[in-house]
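User: I'm new to this structure and would like a close look at a single part of it, the largest pocket and what surrounds it. Could you walk me through it in plain language?

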Amino acid sequence: GVVGYKPTRGALSMRGIFPLAESFDTPGILAPTVVDAAYVASVLMHHRVGKKASLTLDIPVIAEGGMHSRARIGYLSVDEEEPVGRTFMNALSRLEAAGMDLVQLDIDLEAEEESYRKIRLAEAAAHFADAFYNRPTDFSADVAELLRQGLSIRATEYLGALRARRHLIDGIKRAMVGV
């Protein structure tokens, strides 16, 4: 009963959103239906402050379930033993039955988990460093520990993680050609 939509980074304004990790922060939309999520995204994209929307959503086509019948949809493997994974694979089966071409992508996201962790922790620590040093008791023990970990990441580690992220993004772009 819930649809989530995470648009391309930068498609929606970050204004008014409390930041955590600048490289990853992206607002998303939760709604009861795909049409509702598309409508909200469309409105928000058209109201970007000082920006022209880079994406327009055709709400009537979405409402009618109208996708190109021979669209190639790329997907990553999921754990079908988990309820979300099972639901995802069932949705893919319905798309395939409706005439879509499905392509399983070979992208190892888990290999980049450590890079993601370093970037996220370092950026959060950089954002909250002054507050953490000046008012450490404002932070819960678990958050304080994560900030300490972020503050201990060296610049060379952070830059290496950013390089690994760029490599992953390039690999994803190659895997998504024609999908």
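Analyst: Let's start with a word we'll need: a residue is called buried when its relative accessible area is under 20%, exposed when that value is over 50%, and partly exposed in between. Keep in mind that this is a predicted model. By that cut-off, 26% of the chain's 179 residues count as buried.

Before zooming in, here's the overall layout. The chain has six helices and four strands, and reading along the sequence you meet them in the order β-β-α-α-β-α-β-α-α-α. Take the contacts with a separation of 6 or more: 63% of them join residues 24 or more positions apart. As for the outside, the chain exposes about 12300 Å², and carbon and sulfur atoms supply 56% of that area.

Now to the pocket. How do you find a hollow like this? Rolling a probe the size of a water molecule over the atoms shows where empty space is left. The largest pocket comes out with a volume of about 950 Å³. Its lining is made by 23 residues, and the closest to its centre are Lys6, Leu109, Arg165, Ile169 and Ile172. Which elements give two or more residues to that lining? They are H4 and helix H6, the latter covering 155–175.

So let's follow those two helices, beginning with H4. It runs over residues 113–134, and Ser115 is found in it. Ser115 counts as buried because its relative accessible area is 14%, which is under the 20% cut-off. Leaving aside neighbours within four places in sequence, Ser115 is in contact with Ala161 and Ala164.

Helix H4 also holds a salt bridge, one of five in the structure. Here Arg117 pairs with Glu114, and their closest N and O atoms are 3.4 Å apart. Both residues sit in helix H4, three residues apart, or about one turn of the helix. Are these two buried or partly exposed? Arg117 has a relative accessible area of 28%, so it is partly exposed. Glu114, at 41% relative accessibility, also counts as partly exposed.

Over to H6, where you'll find Ala175. At 25% relative accessibility, Ala175 counts as partly exposed. Not counting residues up to four places away in sequence, Ala175 touches Leu105 and Ile107. There's a long-range link to look for here as well: Ala175 and Val103 are 72 residues apart in sequence, yet 9.9 Å apart in space, C-alpha to C-alpha.

Next, go back to Lys6, one of the residues closest to the pocket's centre. Lys6 and Ala37 are 31 residues apart in sequence and 9.9 Å apart in space, again C-alpha to C-alpha. Ala37 is found in helix H1. What does Ala37 touch, not counting residues up to four places away in sequence? Its contacts are Val3, Tyr5, Ile29 and Ala31. With a relative accessible area of 3%, Ala37 is buried, because that value is under 20%.

Stay on H1 for a moment, since there's another side to see. The helix spans residues 34–46 and includes Val40. At 34% relative accessibility, Val40 counts as partly exposed. Val40 joins Tyr39, Val43 and Leu44 in a nonpolar surface patch of about 330 Å². Helix H1 therefore carries both Ala37, which is buried, and Val40, which is partly exposed.

To finish the tour, here are two other salt bridges to pick out on screen. In one, the side chains of Asp138 and Arg135 meet, with 2.6 Å from N to O. Arg135 is partly exposed, with a relative accessible area of 44%. In the other, Glu145 pairs with Arg148, and the closest N and O atoms are 3.6 Å apart. Both lie in helix H5, residues 141–151, three residues apart, which is about one turn of the helix. Glu145, at 38% relative accessibility, counts as partly exposed, and Arg148 does too, at 45%.

If you want a route back to the part you asked about, start at Lys6, Leu109, Arg165, Ile169 and Ile172, the lining residues closest to the pocket's centre. From there, trace H4 and H6, the elements that give two or more residues to the lining.

Note on methods. Residues are numbered from 1 along each chain as its sequence is written. This is a predicted model: local features need pLDDT of at least 70, side-chain atom pairs count only at pLDDT 80 or more; totals for chains, interfaces and linings use all residues. Side-chain values use heavy atoms; hydrogens and water are left out. Patches are made of residues with over 30% relative accessible area and no salt bridge: like charges are joined within 9 Å, nonpolar side chains (Val, Leu, Ile, Met, Phe, Trp, Tyr) within 5 Å. Accessible areas come from the Shrake-Rupley method with a 1.4 Å probe; for residues, only the protein chains shown count as cover. A salt bridge is a side-chain nitrogen of Lys or Arg within 4 Å of a carboxyl oxygen of Asp or Glu. Buried means under 20% relative accessible area, exposed over 50%, partly exposed in between (1.4 Å probe, protein chains only). Contact means heavy atoms within 4.5 Å. On a 1 Å grid over the protein atoms alone, a cavity is a set of points where a 1.4 Å probe fits but cannot get out, and a pocket is an open set with protein on both sides within 12 Å along at least five of seven lines; lining residues have an atom within 4 Å of a point. Grid points are joined across faces, edges and corners, and a volume is the space filled by probe spheres set on the points.
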